[in-house]
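Please open the model in your viewer and keep the sequence panel beside it. The stops below each suggest a selection and then describe what is found there.

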Amino acid sequence: MKKAIRVLLLLNAIMVTSARAQDATQPASVINSQDLAKSVHNPFEDFVKLSIQSVTGFELRPHHNVGDSFNIQPLVPFSLNAQWDLIARPSLTVTYLPSPHEQFGIADLQTSFFLTPAKAITWIWGVGPIFQLPTASSRELGTGRWSAGPTAALIYSEGPWFDGILAYQLMSFAGNRDRGSVNQTYLEPEISYNFESGWYVQCDPPITYDWTADSANAWTIPIGADIGRVFKVGSQNFSLQVGTYDLLKRPDGAPQWIIRVSATFLFPKGIK
C-alpha cells in the first residue's frame with residue numbers, strides 16, 4: 001500500500017506541473033461542449049486529464065459473486081517540439097476478488113508512452129512502449145513478472161464522430177520464474193457519437209487474448225455501450241458516464257457481465 005501511495009503522489013505532482021506549464025506557455029484555445037466530449041475518448045489529448053473508473057463484475061463463478069476494480073489513469077502530455085508530443089498514461093488498479101479466496105489490494109502497474117504528431121486533426125496516431133510492473137499486493141492480484149511490449153493507436157475524428165482502435169502486446173522478460181509467463185494481446189476498438197450538448201454514446205469494449213491459456217479460456221470479448229456527458233461544476237470540467245457490457249467470451253472465473261462507471265476530470269486550455 002505504501003508503494004501505491006508513492007505512485008499516486010508522483011502522478012499528482014507530474015499532472016500539476018504539466019498543467020501549470022501549459023497555462024504558462026500556451027495560449028488558451030476555445031473548446032465547445034462537443035469537442036470537450038470528444039476529448040474524453042482521445043488517448044492523445046494535448047491537455048491533462050484524469051480518468052477514474054469503477055468496473056463491477058457480476059455472476060463470478062463458481063458462486064455467482066460480485067467483484068469490483070477501481071482504476072486511476074491520468075494522461076499527461078509533453079510537448080517535445082512543434083511537430084511531436086509525448087503522451088504518458090500510467091494506470092493503477094485496486095481490485096476486490098470475492099473468490100476463490102477473498103482478496104483486496106493493488107494490481108500490477110501499467111504505464112504507456114505514445115509519440116504522436118502534434119498537429120494531427122482528423123487522423124491521429126501514436127506509437128510507443130508499454131510496461132507492466134509487478135506491484136500487486138498479493139499473488140492472486142498480479143503476475144509476479146516484469147512485462148513490456150509495443151503499443152499503438154489510430155484515431156479518426158470528424159464532426160460528431162470519434163472512432164479508433166488502441167492495441168498493445170505484453171510479454172514477460174523478468175521476475176518470478178515460478179509464475180507463468182505473460183503473453184497477452186489487448187485490443188480496444190471504439191465508436192462514439194458526441195452531441196453538441198455534451199452528451200455522448202459509445203461502444204468501447206476491451207478485448208484480450210491470452211496466448212498462454214488454452215483456447216477455451218484465451219478470449220475475453222465484451223459487448224455493450226456507454227452513455228455520458230461533459231459538464232462543469234464551478235470552474236472544473238469533467239465527464240460522467242455509465243455503461244453495461246456482456247462478456248460473450250470469457251475465461252473461467254470471469255464475470256458474466258459488468259457495469260462501468262467513469263468520471264474524467266478535464267483540464268483544457270480553454271472552454272466556451
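## A covered helix

Begin by selecting helix α2, residues 33-41, which is mostly covered, seven of its nine residues being buried; buried here means under 20% relative accessible area, exposed means over 50%, and partly exposed lies in between, with a 1.4 Å probe and protein chains only. Helices (H or I, at least four residues) and strands (E, at least two) are DSSP runs numbered from the N terminus. The model is a predicted one, in which local features need pLDDT of at least 70 and side-chain atom pairs count only at pLDDT 80 or more, while totals for chains, interfaces and linings use all residues. Residues are numbered from 1 along each chain as its sequence is written, and side-chain values use heavy atoms, with hydrogens and water left out.

Within α2, the buried residues are Q34, L36, A37, K38, S39, V40 and H41. Add N32 to the selection to see the cap at the N-terminal end of α2, where a side-chain oxygen of N32 lies 3.2 Å from the backbone nitrogen of Q34.

## The whole chain

Zoom out to the full chain, whose secondary structure comes to three helices and 14 strands. Of its 272 residues, 45% count as buried. Its accessible surface comes to about 13,900 Å², of which 62% belongs to carbon and sulfur atoms; such areas come from the Shrake-Rupley method with a 1.4 Å probe, and for residues only the protein chains shown count as cover. Among the contacts (heavy atoms within 4.5 Å) with a separation of 6 or more, 58% are between residues 24 or more positions apart.

## Two nonpolar cores

Next, select F44, I87, F114, I155, L166, Y168 and L170, the residues with the most contacts inside the largest nonpolar core, which has 14 residues. A nonpolar core is a set of buried Ala, Val, Leu, Ile, Met, Phe, Trp, Tyr and Cys residues joined through side-chain atoms within 4.5 Å. Strands β6 (123-133), β7 (145-158) and β8 (161-175) each supply at least two residues of this core, and the largest share, four residues, comes from β8.

Centre on I155, which, leaving aside its neighbours within four places in sequence, is in contact with P43, F44, T122, W123, I124, F162, D163, G164 and I165. Apart from the largest core lies another, of eight residues, among them L36, F47, Y200 and L266.

## V182, after β8

Follow the chain to V182, in the loop between β8 and β9 (183-194). Is V182 buried or exposed? V182 counts as buried because its relative accessible area is 12%. Beyond its neighbours within four places in sequence, V182 is in contact with T143, R145, S147, L170, M171 and S172. A C-alpha to C-alpha distance drawn from V182 to G144 comes to 9.5 Å, although the two are 38 residues apart in sequence.

## Salt bridges around R260

Select R260 together with D204 and D226, three residues linked in a network of salt bridges, where a salt bridge is a side-chain nitrogen of Lys or Arg within 4 Å of a carboxyl oxygen of Asp or Glu. By this rule the count comes to two. The side chains of D204 and R260 meet at 3.9 Å, N to O, and this pair links D204 in the loop between β10 and β11 with R260 in strand β14, 56 residues apart. The side chains of D226 and R260 meet at 2.7 Å, N to O, and this pair links D226 in strand β12 (residues 219-233) with R260 in β14, 34 residues apart. D204 and R260 are both buried, and D226 is buried as well.

Keep R260 displayed and add P206, which touches Y186, L187, T220, P222 and R260 when residues up to four places away in sequence are not counted. P206 lies in the loop between β10 (199-203) and β11 (207-210), and P206 is partly exposed, with a relative accessible area of 25%.

## A nonpolar surface patch

Finally, show the surface and select F78, L80, W84, L115, W123, W125, V127, L154, I165 and L187, which form a nonpolar patch with about 890 Å² of accessible area together. Patches are made of residues with over 30% relative accessible area and no salt bridge, like charges being joined within 9 Å and nonpolar side chains (Val, Leu, Ile, Met, Phe, Trp, Tyr) within 5 Å. Strand β6 gives the most to this patch, with three residues. L154 is found in strand β7 and, at 40% relative accessibility, counts as partly exposed.

Terms used:
Polar contact = N/O pair within 3.5 Å; in protein donor to acceptor, adjacent residues only side chain to side chain.
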